[in-house]
Amino acid sequence: MRITIFGTGYVGLVQAAVFAEAGYQVLCVDVDAAKVARLERGEIPIYEPDLKNLVVENGAAGRLRFTTDAASGVAHGDIQFIAVGTPPDEDGSADLSYVLAVADTIAAHMASERLVVVKSTVPVGTSDKVRAKMAERLAARGREDIAFDVASNPEFLKEGSAVADCTRPDRIVIGVASRRAEERLRELYAPFNRNREKIIAMDIRSAELTKYAANCMLATKISFMNEIANLADRLGADIEHVRHGIGSDPRIGYNFIYPGVGYGGSCFPKDVQALIRTADQIGFDATLLKSVEERNNRQKSFIVEKINGHFGADLQGRTFALWGLAFKPNTDDMREAPARVIMEALWAAGATVRAHDPKAMEECRRIYGDRPDLVLCAGRDAALDGADALVLVTEWKAYNIIDFEAVKATLKQPVIFDGRNVYDPAAAKRHGITLYAVGRGTRNAVS
């Protein structure tokens with residue numbers, strides 16, 4: 001079976017590499033010639049554990065290739081995956097222009113039957129638009145005789161573990177409108193479906209909604225815990241005890257109930273916004289989702305309010321060590337990252353930031369460039385030099401263990417703002433360090 005994948009972002013590139021590793025002949029199409037050239041050299045534009053080896057090894061074996069030639073891509077694959085971006089428009093709705101452009105391109109070049117699979121995260125009804133766009137282009141060519149089918153196959157990858165998630169998926173959702181499409185997708189995913197039955201087949205609109213529902217559910221759990229953490233701050237309770245107490249209930253579980261400084265990345269913020277806009281378009285008031293979004297936006301300023309409570313709002317001349325720039329560990333992705341909100345607030349108040357991240361330093365430099373109030377440090381401890389306080393934003397393992405005495409000796413003031421509840425307040429107190437955390441009954445609770 002030959003596969004073509006349009007788009008070489010997180011979803012497209014990871015899926016392509018994993019399909020190639022399974023033995024399929026995979027051709028990736030992207031409009032960015034420089035990116036294609038880098039991929040052909042084995043240079044990966046994103047950081048994702050294990051991805052580089054898969055790309056390089058399967059490229060060398062001839063199972064994974066890259067091109068800017070859309071026509072050759074359409075000719076190559078029996079199954080054509082659309083895995084291009086759906087960035088938010090100004091109103092938060094998903095921009096489908098790239099998805100529909102690929103659909104038009106496939107129809108413009110196809111000479112025989114193709115199965116087109118929408119892998120991109122798209123609003124309900126998008127596959128219908130893809131089908132209509134392709135039918136329109138085939139009609140314009142006078143080739144209504146060419147059969148095609150459209151299916152939905154949403155991804156459920158987590159940045160930082162995308163290769164593992166793709167190689168060993170816990171479920172494979174396929175939305176189909178014909179038995180033939182379902183049979184072909186079952187055949188495609190057979191190598192990933194041997195341990196147990198993972199394929200969940202359904203209608204296309206349900207599959208499209210399943211993706212949004214999954215991400216919005218996870219975002220809701222995070223925002224709920226952050227809401228409870230704010231209550232804990234005011235009531236003198238410890239959210240970590242509360243987390244253990246509720247997580248032991250199997251109906252709730254321990255996943256995604258860690259309080260912090262809000263979610264970020266390319267999925268949760270965008271997908272919550274997109275589903276809200278979809279609801280608006282059909283006249284439904286998605287009050288819960290709107291509250292999830294509002295809590296998350298406010299939570300990103302939680303640590304800033306803690307800092308202002310300790311130092312005062314005028315931070316002119318102060319310096320803060322910031323550990324963690326990526327929105328989560330094991331990625332270099334800073335899209336919607338809480339670190340960006342925190343840094344920009346500190347800069348606006350006149351402070352300087354000395355930052356470190358194991359993987360996102362270059363991405364930070366790309367976003368902000370060179371500026372006098374941002375120092376990117378080669379090591380985590382170097383970031384502490386000359387800093388008034390330490391701010392932990394991303395829970396990389398490299399930050400989990402610290403020498404409180406060494407930190408105390410290096411900082412101008414023995415103060416840590418722990419945005420991920422990594423450090424033990426009792427241990428910090430024993431070493432004479434003031435620790436502000438999230439929902440642990442610390443001072444200066446914020447709304």
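Reader: Why is Phe256 called partly exposed?

Author: First off, keep in mind that this is a predicted model. Phe256 has a relative accessible area of 30%. Buried would need under 20%, and exposed would need over 50%. A value of 30% sits in between, so Phe256 counts as partly exposed.

Reader: And what makes Phe268 count as buried?

Author: Its relative accessibility is 13%. The cut-off for buried is under 20%, so Phe268 passes.

Reader: How do you know that Phe256 and Phe268 form an aromatic pair, and why is the pair called tilted?

Author: Their ring centres are 6.2 Å apart, and a pair needs centres within 6.5 Å. Next come the planes, which meet at 45°. Stacked means under 30 degrees and edge-to-face means over 60, so 45° leaves tilted.

Reader: What does the pair of Phe256 and Phe268 tie together?

Author: Phe256 lies in the loop between α10 and α11, while Phe268 belongs to helix α11, so the pair links parts 12 residues apart in sequence.

Reader: Why is the pair of Tyr189 and Phe192 called edge-to-face?

Author: The angle decides that one. Their planes stand at 65°, and edge-to-face starts over 60 degrees, so the name fits. The ring centres are 6.1 Å apart, and both residues are buried.

Reader: Which cluster do Tyr189 and Phe192 belong to?

Author: Ring pairs join them with Phe19, Tyr24 and Phe81. Across the whole structure, the search turns up 13 aromatic pairs.

Reader: Let's switch to helices. Why are α9 and α12 called oblique to each other?

Author: Their axes cross at roughly 55°. Roughly parallel means under 35 degrees, and roughly perpendicular runs from 65 to 115, so α9 and α12 end up oblique. The axes come within 9 Å, and the crossing is left-handed.

Reader: What makes the contact between α9 and α12, and how many of its residues are polar?

Author: On the α9 side, the residues include Cys216, Ser223 and Asn230. On the α12 side, Leu289 and Arg295 are among them. By class, the contact has six polar residues, along with four nonpolar and two charged ones.

Reader: One last residue: how do you know that Ser152 is buried?

Author: Ser152 has 3% relative accessibility, which is under the 20% limit, so it counts as buried. You'll find Ser152 in strand β6. Leaving aside residues up to four places away in sequence, Ser152 touches several others, including Val118, Ser127, Ile174 and Glu208.

Key: Residues numbered from 1 in each chain as written. Predicted model: local features only at pLDDT ≥ 70, side-chain atom pairs only at ≥ 80, totals over all residues. Heavy atoms only, no water. Axes fitted to C-alpha atoms, helices over the stretch in contact; angles between N-to-C directions. Helix = DSSP H or I, 4+ residues; strand = E, 2+ residues; numbered from the N terminus. Parallel < 35°, antiparallel > 145°, perpendicular 65-115°, else oblique. Left-handed = near helix turned anticlockwise from the far one by under 90°. Contact = heavy atoms within 4.5 Å. Nonpolar A, V, L, I, M, F, W, Y, C, P; charged D, E, K, R; others polar. Phe/Tyr/Trp six-rings, centres within 6.5 Å; stacked < 30°, edge-to-face > 60°. Buried < 20%, exposed > 50% of the residue type's maximum accessible area, 1.4 Å probe, protein only.
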